[in-house]
Amino acid sequence: MSGRIEPTTKAARNRSLTTKTQRHKGLGRTAGRASRADAAELLSRATGSMPCSDAEYLLMYLLGVRRHELYSGLTVPGRTTGRFRRLVARAKAGKPVQYLTGSAPFLDFDVAVDRRVLIPRPETEELVSRTVARIRSSCKLQAVSCELSAVDFGTGSGCIAIALARAFPGAKVLAVDASKAALAKAAQNVARYGLAGRIRLAQARAPDEPVMNRLRGRLDLLISNPPYVPTSRLARLDRNVRREPKLALDGGPKGANIVAMLLARGPGLLRPGGLLAIEIDSTHEAVVRKLAPAAEIERDFAGRFRYAFLRRC
Ligand SMILES: C[S@@+](CC[C@H](N)C(=O)[O-])C[C@H]1O[C@@H](n2cnc3c(N)ncnc32)[C@H](O)[C@@H]1O
């Protein structure tokens with residue numbers, strides 16, 4: 001799906017925006033009674049003006065089918081083609097498709113999303129996968145059960161906290177966020193997966209606030225996908241990304257305010273051997289190396305610096 005935070009995708013996004021001619025020829029046209037249509041045909045007309053994956057996602061949502069079924073000669077009822085066209089029009093006007101459907105996938109589950117929370121990104125799925133792999137291997141080495149005590153800092157929809165609780169049935173997660181509105185959405189997601197007994201939600205803005213400080217020296221994992229976009233870059237983000245909460249994106253002048261805070265104050269919360277795992281902007285390599293020379297910095301699937309892992313000695 002579209003909506004990456006990196007600005008380099010803007011040109012690609014612009015290329016996919018509808019032209020005036022396309023709007024009048026195809027899916028932008030909503031007047032008149034909608035008629036039945038072949039799903040693949042409907043999609044090929046939509047993708048002239050928006051990313052194919054977004055159009056597929058909307059149609060899969062409306063029809064309750066999997067992607068491959070869209071291309072198996074499926075006929076879309078007239079009333080659904082009308083709804084599809086209306087959603088496409090709103091997506092073309094810049095509303096993220098995940099806010100239109102109210103749902104976003106994350107690893108092997110979905111979370112409810114709306115404008116109060118960031119739409120989870122594939123890079124963050126990768127942060128969780130790599131973190132889980134590191135913890136599993138250290139659990140094996142130490143021959144202890146993974147009864148993890150973790151903090152998810154800046155939980156948003158709750159996706160990271162939920163993924164950890166699902167991966168480690170013994171895990172207890174404190175999920176914090178500065179935004180009360182985001183915490184309300186996270187609570188909805190936590191309840192949906194029956195995890196309220198193992199994921200506690202709390203409002204906090206820094207690792208040394210009392211709610212976290214009482215875990216000082218005892219945490220196995222502090223994980224975060226903090227806001228990390230430099231303020232000056234916000235205005236250049238794709239317009240659909242700009243619909244997401246500013247608090248979830250704006251990382252200060254260099255984008256590193258919260259990254260630096262976590263590197264400075266996070267390790268004190270960890271037990272010896274505990275892990276700090278942070279998603280970072282591709283420009284933050286130098287900041288991380290300066291503040292935490294022992295951190296391992298890893299690249300994402302696009303080859304950009306994206307993850308910092310630090311073990312407490
Ligand atoms: C990039 S979003 C990540 C949301 C979610 N964890 C994810 O990966 O999709 C960052 C989150 O951090 C929260 N946040 C921003 N500043 C914060 C602060 N100082 N303390 C705690 N949370 C903060 C935002 O409200 C937002 O929900």
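1. Start with the little hairpin: in this predicted model, β3 (residues 103–106) and β4 (residues 109–112) pair antiparallel over four bridges. Pro105 sits opposite Asp110 of β4, if you want a register check. Two residues separate the strands, and Leu107 has a positive phi near 50° in this hairpin.

2. Next, the seven-stranded sheet. It is open and mixed, and the order reads β7-β6-β5-β8-β9-β11-β10. The edges are β7 (199–203) and β10 (296–299), each with pairing on one side only. On average, neighbouring strands here are turned by 15° against each other, ignoring direction.

3. Within that sheet, have a look at β5 and β6. Strand β5 (residues 149–153) runs parallel to β6 (residues 172–177), and five bridges join the two. For the register, Ser149 faces Lys172 in β6. As a reminder, sheet strands pair through backbone hydrogen bonds, whether parallel or antiparallel.

4. What lies across β6 and β7? That is helix α10 (residues 180–192), which runs at about 170° to β7.

5. Now the ligand. It has 23 residues around it, and the closest are Gly154, Gly156, Ala178, Asn225 and Ala248. Elements giving two or more residues to this shell are α9 (159–167), β6 and α12 (246–249). So β6 turns up again: besides its place in the shell, it pairs with β5 in the sheet.

6. How is the shell around the ligand made up by class? There are 14 nonpolar residues, seven polar ones and two charged ones.

Methods
Residues numbered from 1 in each chain as written. Predicted model: local features only at pLDDT ≥ 70, side-chain atom pairs only at ≥ 80, totals over all residues. Pairing = 2+ DSSP bridges. Axes fitted to C-alpha atoms, helices over the stretch in contact; angles between N-to-C directions. Contact = placed C-beta atoms within 7 Å. Near = placed C-beta within 6 Å. Nonpolar A, V, L, I, M, F, W, Y, C, P; charged D, E, K, R; others polar.
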